[in-house]
Amino acid sequence: MLKNFFLVAFRNFKKNKSFSVINISGLAIGMAAAILILLWVQNEMSFDRGYPKISRLYRMYNRDKFSGDLWAWGTTPKIMAPTLKKDYPEIEDAVRITYANFLFTLGDKKLTSSGNFVDSGFLNMFDLPMISGNPNKALGGIYNIVITQKFAKKFFGNDDPMGKTVKIDSADFFTVTGVLKDLPNNTSFNFDYLLPWSYLRRINQDDEFWGNNSVTTYVLLKPNASHASFDSKVKNMTIEHTKNGEKSTTEVFSYPLSKVYLYGKSENGKLTDGRIATVRLFSTIAGFILLIACINFMNLSTARSEKRGKEVGIRKVVGAGKFSLVSQFIGETILLALFAGIIALIIVQFSLPLYNQLVNKLLYLDYFNVYFWLEFFGFILFTGIVAGSYPAFFLSSFQPIKVLKGTFRAAHAAINPRKILVVAQFTFAIVLIISTIIVLNQINYAQSRETGYQKNNLIYMFLEGDMGKNYDLIKEGLLNNGAATGVTKSMSPITQRFSDGWGFSWQGSTPEDAKLDFVRLSSDADFLKVMGATLVEGRDIDIRNYPGDSTAMLLNETAVKKMRLKSPLGQIINGDGQNWKVTGVIKDFIFESPYDPVNPLMIMGPKSWFNVMHIKLNPGKPVAEDLKLAEQVFKQYNPQYPFGYHFVDKEYAKKFEDTKRTGTLAGLFAGLTIIISCLGLFGLAAYMAENRIKEIGVRKVLGASVANIASLLSKDFLKLVAISFVVASPVAWYAMHKWLADYNYRISIEWWVFALAGLLAMLISLLTVSFQAVKAAMANPVKSLRTE
């Protein structure tokens, strides 16, 4: 029985080679696309969910109202973790984590790398797998360090790093007490090493200020602790600890770590949908692409129903039941899906390197995992059943008397399932085409937005080693040797927000103004000259020519509007323990997302703090020559550290990466959808031409031109594509209207986008069908009519 099944299936494949190739190709492309998307979805869904204690792990958050809106954010005071551990019995452990960046020295080898300061319980809380070392003791000493396997290889080569000593920042020596396995690609942690929190305290970077929200705090609840009860207790902890000083209104809450990545978007003070919306979107796309591939099979199978009609009739006459026939046809489809699945795996394997670059992940097929093969064969079975069910029930429903007498004819009604399926295929394809065009337009719109400063020839570097001490000498050297035209210091790069604050007051301010949130930058001098920002009124901060500018302040236009200042120059702004004097107002510039409005900005004088140096390279020389000259200066005044820098224009371009990735993926899958749909259209057109070969011959004998016949054969398909366009347009408009709603700075959806998408769909369909139509129209009518 089984042998007969395979024999019939292979004979059928061999007999209809061209249609089998089209079916397998369409299914293989669709399955490969679905597998690639599902690999990404699986990675996203597993993000930060692989820790053994994940059900008890929570991240601490703050909630407060600023500028009239309720916000939730995930940075907390340094003092929060030890306070939680001491005062709340529900907690098994609480740890802090914050960024670290140091120069490592081992003999002549120097390496600058980033890591984290963490509390000693971090390794036990997250159970990160260790190659060497004891997680209970590895971070117990002030001068202990835990490194990753990758960092160990980079720094120590093939030597065993355990027990070896390294120097950090030309200051202290640390002993390697643990080596971690390299972090997986589905964790939010990203570090080369871990340093104990006790060392942060040793270098005087710890504090107990409840208003300094600068670290991430994680808690591990005890097995029987109630999350709801714990949250109700910690809600007012910041308010309670500040009631005798700077009275805070900030509430505290915890949020499951397993939900932070996917459901971490702040809306009205609550964490709701975030990346899960993108996961749902691409899961839907994967499902539709696979469905379109299955529709191809359905259409081609039902279109060729007359070819297998007699087989069905004979089988029924000799006693075959409907179940037997359905099993035969679905079995054939599953076998075909198996061939397509193997080809799909090959496509996926060769596509993964480029796909990983596109999605910025390290995805792979785990061939040695038994669950992978169970999922793969389940995927094959599902595809085979979906693709084969309708044709199987359709073919098995034929009446043997009609098909054996030759009176059976497939239906050619104005509306039939085959036409509906073609419309569904192209509807989805056109939706993706429209979406891709709109996403690309949104990116171009944001990229063309005026930044408000000059990105070209502008670099920045973080202050490290002797750069702070020798800043004046470095600045003088860069200007004197012609490497730069301007140098300034700031607390953060021009492209990023490192700090914001509230609680400021000024003449005419109200208690509500104390909750107005300002982004903070800093400058010593030449900010406008270096950045190329525009001065609206007043002057720049200049500590050299105006010694009193240590407490000077620049405001942007948005800050002036929010503060309702009619004459901002000379205003005294009280905050951060200082009285700041406004010396100038600058035009708004983009320092955060180019899709969002500009926030109120304060640029403070040297009484604030500095982390970054910005350098305007000399535009009169090649950039490479400027950098070479700059390196000479830094080697002279900061010899212990390598010369490292970041181009501002490249950092700004990174702000578009996520949206560009969405647009590229949408375009890629739109293209694949079109290819799969056109494969089916090509097969249907070929079958239609074959079926109407005698009609075409008669028309040619009667004088019909090639163009007339090609038009006759193409118009039915173009009608279906036109219907698809009518259905797809409102669907695409609604979907993209919702997507654009997340952007404050956005395009409007223009009519030409739909016209272009419809035209593209028509042209692609016409080219696909025309090949078969023209081929049939140009055939010799003598050959098609000689049997008559």
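Me: How many helices and strands does the protein have?
Reply: This is a predicted model. Helices and strands are numbered from the N terminus. The protein has 25 helices and 25 strands.

Me: What percentage of the residues in the protein is buried?
Reply: A residue counts as buried when its relative accessible area is under 20%. The protein has 788 residues, and the buried share of them is 51%.

Me: Which percentage of the contacts with a separation of 6 or more comes from residues 24 or more positions apart?
Reply: A contact means heavy atoms within 4.5 Å. Among contacts in the protein with a separation of 6 or more, residues 24 or more positions apart account for 78%.

Me: What percentage of the exposed area of the protein do carbon and sulfur atoms supply?
Reply: The protein exposes about 37,000 Å². Of this area, the share supplied by carbon and sulfur atoms is 58%.

Me: Which helix gives the largest share of the largest nonpolar core?
Reply: Nonpolar side chains tend to be buried together in soluble globular proteins. Here the largest nonpolar core has 115 residues, and Tyr355, Ile494, Phe589 and Phe669 touch the most other members. The largest share of this core is 16 residues, and they come from helix α15 (residues 417-447).

Me: How many residues are in the other core that lies apart from this one?
Reply: Val95, Phe122, Leu128 and Leu139 are among the members of that other core. It lies apart from the largest core, and its size is 28 residues.

Me: Which residues does tyrosine 355 touch, not counting those up to four places away in sequence?
Reply: Tyr355 is one of the residues that touch the most other members of the largest core. Not counting residues up to four places away in sequence, tyrosine 355 touches Leu36, Ile37, Trp40, Leu363, Leu665 and Phe669.

Me: Is tryptophan 751 buried or exposed?
Reply: Tryptophan 751 is in helix α24 (residues 751-777). Together with Trp752, Leu756 and Leu760, Trp751 forms a nonpolar patch on the surface with about 430 Å² of accessible area. Exposed means over 50% relative accessible area. Tryptophan 751 has 65%, so this residue is exposed.

Me: How many residues apart are arginine 275 and glutamate 44, which form a salt bridge?
Reply: The closest N and O atoms of arginine 275 and glutamate 44 are 2.9 Å apart. Arginine 275 is in the loop between β14 (270-272) and α10 (276-303), while glutamate 44 is in helix α2 (residues 17-45). The pair links distant parts of the chain, and the separation is 231 residues.

Me: Is glutamate 44 buried or exposed?
Reply: Its salt-bridge partner, arginine 275, is partly exposed at 31% relative accessibility. Glutamate 44 has a relative accessible area of 0%, so this residue is buried.

Me: How many residues apart in sequence are the parts tied together by arginine 497 and glutamate 592?
Reply: Arginine 497 and glutamate 592 form a salt bridge, with the closest N and O atoms 2.6 Å apart. Arginine 497 lies in the loop between β16 (484-490) and β17 (500-501), and glutamate 592 in the loop between β22 (578-586) and β23 (601-604). The parts that the pair ties together are therefore separated in sequence by 95 residues.

Me: Which residues are joined into one network by salt bridges that share partners?
Reply: The count of salt bridges comes to 30. Those that share partners join into one network Lys475, Asp526, Asp542 and Arg544.

Me: Which residue is joined to aspartate 64 by a polar contact of 2.8 Å between side chains?
Reply: Aspartate 64 is in strand β1 (residues 57-66) and is buried at 5% relative accessibility. The residues it touches include Trp71, Thr249 and Lys515. The side chain joined to that of aspartate 64 by the 2.8 Å polar contact belongs to threonine 250.

Me: What distance separates the C-alpha atoms of asparagine 268 and lysine 65?
Reply: Asparagine 268 lies in the loop between β13 (265-267) and β14 and is exposed at 62% relative accessibility. Asparagine 268 and lysine 65 are 203 residues apart along the chain, and their C-alpha atoms are separated by 9.1 Å.

Definitions and conventions:
Residues numbered from 1 in each chain as written. Predicted model: local features only at pLDDT ≥ 70, side-chain atom pairs only at ≥ 80, totals over all residues. Heavy atoms only, no water. Patch = residues over 30% accessible without salt bridge, like charges linked within 9 Å, V, L, I, M, F, W, Y side chains within 5 Å. Areas by Shrake-Rupley, 256 points an atom, 1.4 Å probe, with all protein chains shown as cover. Salt bridge = Lys/Arg side-chain N within 4 Å of Asp/Glu carboxyl O. Helix = DSSP H or I, 4+ residues; strand = E, 2+ residues; numbered from the N terminus. Buried < 20%, exposed > 50% of the residue type's maximum accessible area, 1.4 Å probe, protein only. Core = buried A, V, L, I, M, F, W, Y, C linked by side-chain atoms within 4.5 Å. Polar contact = N/O pair within 3.5 Å; in protein donor to acceptor, adjacent residues only side chain to side chain.
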